[in-house]
Amino acid sequence: MRVIRRAAEITLDDPGVWVTVGAEGAAQVLHGVRAMRAEGEFLVIAGERGELAHAASVELSHPAGVRADGRVLPARLRVRVSDQRLEAIAELPIEQYVAGVVSAEMFAHWPASALQAQSIVARSYAIHECARAGARAWHLDGSTSHQSFTSGPTEAALAAADQTRGLVLLYHGELLRTYYSSVCGGRAASAADQWGATRETAFNDAPPLRACERRCPCDDAPRHRWRATMMATELRDRLRTYGAQNGLQLAAIGTPRTCHVIDRNEVGRPMRYRLTDDVGQTFELRAEPMRLACNAEPREVDGPGAFPGSPAAPLPPFTPRSRPGPASDPDADPSLATVWSNDFEMRISRGEVTIEGRGFGHGVGLCQYGAKALADDGWTATRIVEHYYPGAVVAPAP
Ligand SMILES: [Zn+2]
């Protein structure tokens with residue numbers, strides 16, 4: 001699993017970490033390492049008094065977990081240079097990984113059956129992704145691009161992983177790519193609409209991943225309904241940025257005048273939006289690119305090519321922690337307005353944009369807040385996951 005990606009530098013918080021350079025047999029252990037940085041294709045390893053060594057890659061280890069950049073990472077990891085930046089990769093047993101995902105994705109105080117449901121979907125998704133990682137140096141990314149992960153899982157997460165050990169979701173005997181998100185807002189999305197279903201990603205068209213009418217009690221969740229406002233000129237700048245980053249005509253949009261939903265899925269969730277601008281141009285975008293475009297910032301971002309192995313990174317499943325700072329209140333500063341899902345209505349009037357939205361995340365598969373509410377109602381983990389992926393069954397991994 002990749003635990004750090006595209007870092008210019010990694011600072012060790014504890015100089016007691018063992019840093020091993022070189023291959024087995026000729027390995028050298030360095031002491032007192034403080035930081036590493038990328039220089040061309042090499043790692044520069046620095047101590048208190050300057051450079052200690054250069055290497056293509058190093059191994060870090062500490063029995064209590066490697067502490068770096070203010071985070072606790074797994075006990076053993078390899079740092080290497082990739083595309084002139086540093087990345088850190090750790091190898092973990094699947095159950096330890098699942099517990100780390102459950103810790104990062106759900107609150108420890110949530111009911112046990114919700115945490116167990118999360119364990120089953122996290123495990124299914126992980127095994128599915130590992131099988132298609134191919135020659136990539138890592139199988140899974142420890143961020144919302146795949147699944148959030150934290151080292152040092154909670155007791156509740158360890159118990160949930162253990163109680164569901166080895167269980168996954170199957171559809172006609174095939175492992176399901178169990179996408180999930182924070183709050184569906186009451187309307188599910190289909191994986192194929194979200195990320196496409198080509199020959200390589202035909203799994204996105206599995207019936208359990210298609211939107212259908214379902215009961216989802218996520219009404220009390222934060223961002224079940226939300227609102228974002230910004231100036232039309234700000235929206236224009238964001239759309240232009242996204243257009244330029246992705247080589248789209250959108251890069252030439254004027255100030256937006258109108259925005260309409262022009263296509264909806266079988267449960268009413270928007271699938272396409274049409275924008276017009278002040279010089280009469282028209283632009284059509286699918287729902288997810290539209291959301292990304294509304295949030296685009298003029299800075300370096302990882303484009304779609306950042307995850308060559310994935311059909312598209314799923315939208316952040318979410319981190320159920322409170323987000324500190326202005327992002328927790330999108331209305332606090334219009335310049336920081338965040339579009340939390342791709343299910344919204346947009347009004348533009350007198351140079352101001354008002355976006356009324358539903359939910360947080362992509363809306364495909366399990367809804368985490370809905371699963372929590374069903375668990376509160378006494379549903380078992382199996383019943384919860386089979387509810388959110390209709391037709392799929394819980395079974396041991398094939
Ligand atoms: Zn929901």
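Helices (H or I, at least four residues) and strands (E, at least two) are DSSP runs, numbered from the N terminus, and by that count the chain holds 8 helices and 23 strands. This is a predicted model, in which local features need pLDDT of at least 70 and side-chain atom pairs count only at pLDDT 80 or more, while totals for chains, interfaces and linings use all residues. Residues are numbered from 1 along each chain as its sequence is written.

**Burial and core**

- Of the 398 residues in the chain, 45% are buried, meaning that 20 or more other C-beta atoms, placed from the backbone, lie within 10 Å of the residue's own.
- The largest nonpolar core (a set of buried Ala, Val, Leu, Ile, Met, Phe, Trp, Tyr and Cys residues joined through C-beta atoms within 7 Å) has 113 residues, and those with the most contacts inside it are Ala88, Val102 and Val385.
- Helix H2 (residues 112-131) supplies the largest share of this core, 9 residues.

**Contacts**

- Leaving aside neighbours within four places in sequence, Val385 is in contact (C-beta atoms, placed from the backbone, within 7 Å) with Ala117, Ile120, Val121, Leu169, Leu366 and Val394.
- Among contacts in the chain with a separation of 6 or more, 65% are between residues 24 or more positions apart.

**Helices H1 and H3**

- Glu95, Val98, Ala99, Val102 and Ser103 in H1 meet Ala157, Leu158, Ala160 and Ala161 in H3.
- The residues of this contact divide into 7 nonpolar, 1 polar and 1 charged, where Ala, Val, Leu, Ile, Met, Phe, Trp, Tyr, Cys and Pro count as nonpolar, Asp, Glu, Lys and Arg as charged, and the others, Gly among them, as polar.

Conventions. Two residues are in contact if their C-beta atoms, placed from the backbone, lie within 7 Å. A residue is buried if 20 or more other C-beta atoms lie within 10 Å of its own, exposed if 12 or fewer, and partly exposed in between; C-beta atoms are placed from the backbone.
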